[in-house]
Amino acid sequence: MRSARVLAQTWKAVSESAAEFSTRAGKERKVAVLGAAGGIGQPLSLLMKMNPQVSQLSLYDVAGTRGVGADVSHINSRAQAKGFEGPDQLADALKGCDLVIIPAGVPRKPGMTRDDLFKINAGIVKGLVEACGKHCPGAILNIISNPVNSTVPIAAEALRKMGVYDKRKLMGVTTLDVVRAKTFYAEKLGLDVSQVDVPVVGGHAGITILPLFSQATPTMPSSTPADVIDALTKRTQDGGTEVVEAKAGKGSATLSMAYAAALFADACLRGMNGATATECTYVESEVTDLPFFATKVKLGTEGVETIHPIGSMSDYEKEAFAAMKPELAASIEKGFKFVREN
Ligand SMILES: NC(=O)C1=CN([C@@H]2O[C@H](COP(=O)(O)OP(=O)(O)OC[C@H]3O[C@@H](n4cnc5c(N)ncnc54)[C@H](O)[C@@H]3O)[C@@H](O)[C@H]2O)C=CC1
Ligand SMILES: O=C([O-])CC(=O)C(=O)O
């Protein structure tokens, strides 16, 4: 009992006031994790089992989810967790879902770019998203599988082809970039990280990741040297590579990613349940001339409610924004082309 209470309180503290929380925790919400037996999938399954907004939790993978499902299901929290294994069980995993989180696919090894994963992950994401379009067409989809800059456009086109695309319900998860930017900024300036916010816009690969330290809270001192801002920006952009190299062939970020995905999913559920939630996320957007772009987005009962503009940028950020556009445009087009041809 005590541990369940502590976990519930943790989520409450992370996300909202006690009164709001107790109202919404009672709503029935079914969530699926696709790729649940993987490096991200396992800790993410644990964190979603701890989220009291979840009433049913489907843990799907091509293999290994009988064990993960049995294991997680013994935790004494609200969600009824169940493992689903192999394509024959995918429909049952998805039926009735409100939110589907997709970390299925291969991760990077040292020396690879995220785009190098396209060959394998494009088909995996397309197949899983088509299953969502068929079995839970109204669900909100959180795409984690890389390259996010292309897998989200793939998901959009696949759903559009099926006639079930709703742009409010498709989001690329870029929360880890925000988590990193907050951590590195707080460390560098000696701040309490719980009081820090840093918006991150663009996409989720290298120079397409643009942390806006000029908009950080608390405000960056005007005396901050340019080389400090440049180093913070580059460390945020290369955060994924830092982990890939440290893991030396054993994959990429899993624990920090599961944390970030759980925060983002919690925000989606809060929005769905009528609370206020705003997060940076990569969505279909008219904020720039690119069809997909991450900025702060207000999440509501139907998913994306308001897409906020980029806001004012420093000259350094304006330059970085201009520099990322061709790469992001090419990654989006690559995703569209894949669906046209497959
Ligand atoms: N958006 C982001 O910020 C981040 C994205 N990622 C990406 O997340 C993905 C997963 O990473 P990890 O969990 O570390 O990899 P992993 O290899 O440990 O796990 C992936 C899981 O996906 C499963 N899978 C493969 N094909 C599937 C299918 N058709 N249906 C269901 N499950 C399937 C595998 O069986 C495996 O259990 C990678 O593409 C990685 O690049 C990783 C970190 C951050
Ligand atoms: O770097 C990778 O391959 C995984 C990822 O997207 C991240 O950690 O941001």
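## A tour of two ligands and a core

This is a predicted model, in which local features need pLDDT of at least 70, side-chain atom pairs count only at pLDDT 80 or more, and totals for chains, interfaces and linings use all residues. Residues are numbered from 1 along each chain as its sequence is written, while chains are lettered from A and ligands numbered from 1 in the order in which they are written.

**Stop one: ligand 2.** Select helix H10, residues 239–247 (helices are DSSP runs of H or I, at least four residues, numbered from the N terminus). Helix H10 supplies the largest share of the shell around ligand 2, five residues. A residue is near a molecule if its C-beta atom, placed from the backbone, lies within 6 Å of it. Now add Arg108, Arg114 and Asn146, which are among the residues around ligand 2.

**Stop two: ligand 1.** Here 33 residues form the surroundings. Pick out the closest: Gly35, Gly38, Gly39, Ala104 and Asn146. Then select helix H6, residues 118–135, which gives the most to this shell, with four residues.

**Stop three: the core.** The largest nonpolar core has 100 residues. Such a core is a set of buried Ala, Val, Leu, Ile, Met, Phe, Trp, Tyr and Cys residues joined through C-beta atoms within 7 Å; buried means 20 or more other C-beta atoms within 10 Å of a residue's own. Select Val100, Leu141, Ala155 and Ala261, which touch the most other members. Helix H11 (residues 255–272) gives the most to this core, eleven residues. Domain 1 (30–173) and domain 2 (175–332) both contribute, so the core lies between them; the bounds come from an automatic or database domain assignment.

Technical notes
Helices (H or I, at least four residues) and strands (E, at least two) are DSSP runs, numbered from the N terminus. A residue is buried if 20 or more other C-beta atoms lie within 10 Å of its own, exposed if 12 or fewer, and partly exposed in between; C-beta atoms are placed from the backbone.
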